[in-house]
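Ready for a few exercises? Take a look at the model below, then work through each task before you read its solution.

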Amino acid sequence: MTALSIAIDGPAASGKSSLAKALARKIGLVHLETGALYRCVALAFLKSGGPTTPPENVRSLLSGLNLSLGTAPGDPGDIRFFMEKRDVTDEIRSETVGKTASAVAAIPEVREFLLPLQRSFARQGRVVMDGRDIGTVILPDATLKIFLSAPAKTRAKRRWLQLGGERSPISCEEILLDLENRDRQDLSRSIAPLVKAPDALDLDNSRMTIGESVDWIVEKLPR
C-alpha cells in the first residue's frame, strides 16, 4: 500500500475526531486522536491531585505512567486507550478531564513524554491524526494537512447537543465560556501552540455535515 498520512488540526470541539474517524473509515486509514492521549495524562493527574502538581512530581508521575494503545475487537480502525492496562477510552471523555487536558498539554514534560508514542504510531504509514500540532510537530511531512475551524458558538452548541441538549448537565453558555478559555490557552501557550501549518488547507465546517467534510478532503488528496 502507498504511504498516506493526513494531519487534521483545529480548536477544541471543532469536530476533528469525528471527521478524522469518518475519513479513516472511508479511505482505509487508521485514526489516532492525539487529544485523547493528553486526556489520559489528564486523568492520571486528576487521580494524583491535579495539574498544579510541582514539576518534580510531574516527572515522577510520567515515569510511572504505563500508557498504551490498542484496538477494539473486530475493528482495527477503532483505537482504544489503556492506562496501566485498563481501558480508559470512555472515562477520559468527561468535561472535567477535557478541561484539565488543555492545561496538561502546556507542560513541556508531558509533550516530550507523548511525542515518541505519537510518532511511532505515525510510522505505520497509512494514518490520519488529529490534534493541535499534528501538521506542525507530529507529522510535519504529512501528505495532506487540514486546519479545521468553526466559530466558538457553533462548537459550543455541537458539544451541548453531544451532551444531551436540554438534558446536558451544563448549559450551552457554560460550554461556550469553557471553549473560549481553552482556545486562549491553546493559542497562547509557549509549547506547541495551536497554529495553522503554512501548507495546511483551511476547512470551515460550520455549515457542512461530516460526510460533506470527508468528501471535501478526499477531493484534495493527491491522485
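**Exercise 1.** In which hand, left or right, does helix 2 pass helix 3?

Quick ground rules: this is a predicted model, where local features need pLDDT of at least 70, side-chain atom pairs need 80 or more, and totals for chains, interfaces and linings use all residues. Residues are numbered from 1 along each chain as its sequence is written, and side-chain values use heavy atoms, with hydrogens and water left out.

*Solution.*
- Find helix 2 (residues 34-48) and helix 3 (residues 55-63); helices are DSSP runs of H or I, at least four residues, numbered from the N terminus.
- The crossing is right-handed.
- Their axes, lines fitted to C-alpha atoms over the stretch in contact, make an angle on a scale from 0 to 180 degrees between N-to-C directions. Here that angle is about 120°, and the axes are 11 Å apart.
- V41, A44, F45 and S48 of helix 2 meet V58, L61 and L62 of helix 3 (contact means heavy atoms within 4.5 Å).

**Exercise 2.** Is I170 buried, partly exposed or exposed?

*Solution.*
- Locate I170 in the loop between helix 7 (152-162) and helix 8 (172-188).
- Recall the cut-offs: buried is under 20% relative accessible area, exposed is over 50%, and partly exposed lies in between (1.4 Å probe, protein chains only).
- I170 has a relative accessible area of 22%, so I170 is partly exposed.
- Now check who touches I170: leaving aside neighbours within four places in sequence, the contacts are E95, W160, L163 and I175.
- I170 and W160 are 10 residues apart in sequence and 7.8 Å apart in space, C-alpha to C-alpha.

Notes: Helix = DSSP H or I, 4+ residues; strand = E, 2+ residues; numbered from the N terminus. Left-handed = near helix turned anticlockwise from the far one by under 90°.
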